[in-house]
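Me: I have a structure to go through with you. I want the reasoning behind each label, in short steps.

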Amino acid sequence: MSPRRMSTPLMPAFMVSAPGKVIVFGEHAVVHGKTAIAAAISLRSYLHVSFLSKSHRTVSLRFPDIELDHTWNIDDLPWAAFSAPPKKRFYYDLVTSLDPDLVEAMQPHVHEVSPHLPEHARKVHQNSAAAFLYLFLSLGSQKWPACVYTLRSTIPIGAGLGSSASIAVCLSVALLLQIRALSGPHPDQPSEEAALQIERINRWAFVAEMCIHGNPSGVDNTVSSCGKAVLFRRIDYRKPPKVTSLWQFPELPLLLVNTRQSRSTAIEVAKVAALKEDHPVVTNLLLDAINEVTESAHRLIDSPDFSKDNPSQLKVLGELITINHGLLVSLGVSHPKLERIRALIDHAGIGWTKLTGAGGGGCAMTILKPDVRQVALMESLERNLEAEGFELFETTLAGDGVGVLWPAVLHNHSGEEGGEEIDQEKFLNAQGNDGIERLVGVTSDVAGPAREGWRFWRP
Ligand SMILES: Nc1ncnc2c1ncn2[C@@H]1O[C@H](COP(=O)(O)OP(=O)(O)OP(=O)(O)O)[C@@H](O)[C@H]1O
Ligand SMILES: C[C@@](O)(CCO)CC(=O)[O-]
């Protein structure tokens, strides 16, 4: 197969979007080859791609959530060594590890990003820049048109809700669309073709995740690409993971509480690896136990008579959530703030709680008991949680995966003929999460149907 033709400059702006996620069962164990269940949430990242005239030779990242604004000269980037075999990578390749030579060649261009910021902020900027550059240099070429990538997200960063995976998916789909390596999405697309497109996006999103996390399992980018919920297992990192879509996943009411304690997924994953090194037998038993919890939950959800409205079945699911959290505590990835949230929620007796994602801070998720979904009790709990500085999110589980808005025009009742063109400034000026949702959100309200214009690959 030959490399794809570049898109022409000055094409209209377009947008892509991908959801965040919760890991319902199996985080950390999944890094060690065990099974996990993850579901997409309604919080999402949105990436706007706009084109500059032919006289420009630059590519810019405008990521205001992290205050990153950086421009590279396309011709200064290290194309030569990676544009021809054996180093050239194609959109259809399965890349399962980073090429150390490319990582090294990128370094000067990553290090020029925000060099004067304190270390933590610099790392956040440089991680995002590295994820972009790796994909750009792998999929693009020196003939790339000058463009600006503007990203905004409603997903809190470093909270265990897959913010990095959702931006990895956005970058992957945007670049693959630009090299015309994707067909669709269109409504009558055959299921297998849609699945193939999602897999292609997911493979490159995994590469971007590797640039941010080092050793990700791939579960976050997989559920962000596919949407809904997935059963995920990756035993051999040289092969694609085993992914089963869980269409029957129950739409349970979910309470998400953010500790606002920032942490890095890479560090939490490394903690578990160190524990396994120091205590191999015990750690493996804990990881196996988590696997058994996940498999039990899957058997329960998958059984033909399962109903989220059956209190005894919901109780079993809830107990598995509680056990999973206990095992994560034993792995050393909880945090006093997560334990405080759990204590407050347990005291109110409203549901079953576990940390979700990497832990060490981030978010706790609670599946609510059916008999206590009372407004007064919930309001008092919410007040207590907020009084201690925690942040609450209402989210809908199991929404759409990666989406495309091409061109970036929406029918927003703006009165503009043919729809409202979403330009970079409008997108940057949208106020807060609500403003982003109102301007470009994939659903007309959070739980509503997909807004006209946005298209999704739906296998
Ligand atoms: N809105 C955003 N804008 C730019 N970069 C982002 C954004 N959100 C996430 N990132 C990138 O992803 C990194 C966060 O990854 P991290 O794994 O620590 O958090 P997370 O993905 O939210 O959590 P988890 O992996 O546990 O679900 C940031 O350091 C940054 O590089
Ligand atoms: C902690 C972890 O299992 C989930 C992070 O959301 C890491 C991973 O799977 O890459």
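Me: Where is proline 185 found?

Reply: This is a predicted model, so local features need pLDDT of at least 70. Proline 185 sits in the loop between helix 3 (163-178) and helix 4 (191-213).

Me: What makes the bond joining glycine 184 and proline 185 a cis peptide bond?

Reply: Its omega is about 0°. Most peptide bonds are trans. There is also a cis bond from tryptophan 406 to proline 407, with omega near -5°. Proline 407 lies in the loop between strand 12 (403-405) and strand 13 (409-410).

Me: What is notable about phi of histidine 28?

Reply: Phi is near 65° there, a positive value, and the residue is not glycine. Most residues other than glycine have a negative phi. Histidine 28 belongs to the loop between strand 1 and strand 2 (36-51).

Me: How do you know that histidine 28 has a polar contact with ligand 2?

Reply: The cut-off is a pair of N or O atoms within 3.5 Å. A backbone N or O atom of histidine 28 is 2.9 Å from an oxygen atom of ligand 2, so the pair qualifies. Lysine 21 has a polar side-chain atom 2.9 Å from an oxygen atom of ligand 2. For aspartate 220, a side-chain N or O atom is 2.8 Å from a ligand 2 oxygen. These pairs also fall within 3.5 Å and therefore count.

Me: How much of ligand 2 does the protein bury?

Reply: Alone, ligand 2 exposes 300 Å². The protein buries 98% of that.

Me: Which residues surround ligand 2 most closely, and what classes make up the shell?

Reply: The shell holds 13 residues, the closest being Lys21, His28, Pro216, Ser217 and Asp220. By class there are seven nonpolar, three polar and three charged. Strand 1 (14-25) and helix 5 (219-226) each supply at least two of the shell residues.

Me: Why is ligand 2 said to lie between domain 1 and domain 2?

Reply: Domain 1 (14-246 + 403-456) and domain 2 (254-395) both give residues to its shell, so ligand 2 lies between them.

Me: What joins the two domains in terms of contact and buried area?

Reply: 27 residues of domain 1 are in contact with 38 residues of domain 2. Together the domains bury about 2600 Å², with 66% of it on carbon and sulfur atoms. On the domain 1 side, Phe25, His28 and His32 lose the most area to domain 2, together 26% of what that side buries. The domain centres, taken over C-alpha atoms, are 27 Å apart.

Me: How do you know that aspartate 220 has a polar contact with ligand 1?

Reply: A polar side-chain atom of aspartate 220 is 3.5 Å from a ligand 1 oxygen. The cut-off is within 3.5 Å, so this pair is listed as a contact. Serine 164 places a backbone N or O atom 2.9 Å from an oxygen atom of ligand 1. Taken alone, ligand 1 exposes 630 Å², and the protein buries 96% of that.

Me: What makes up the shell around ligand 1?

Reply: It has 24 residues, and the closest are Gly162, Ser163, His213, Arg263 and Thr265. Ten are nonpolar, ten polar and four charged. Domain 1 and domain 2 each give at least three residues to the shell around ligand 1.

Note on methods: Residues numbered from 1 in each chain as written. Chains lettered and ligands numbered in written order. Predicted model: local features only at pLDDT ≥ 70, side-chain atom pairs only at ≥ 80, totals over all residues. Heavy atoms only, no water. Near = heavy atom within 4 Å. Polar contact = N/O pair within 3.5 Å; in protein donor to acceptor, adjacent residues only side chain to side chain. Areas by Shrake-Rupley, 256 points an atom, 1.4 Å probe, with all protein chains shown as cover. Helix = DSSP H or I, 4+ residues; strand = E, 2+ residues; numbered from the N terminus. Nonpolar A, V, L, I, M, F, W, Y, C, P; charged D, E, K, R; others polar. Domains from an automatic or database assignment. Contact = heavy atoms within 4.5 Å. Buried area = accessible area lost by both parts, 1.4 Å probe.
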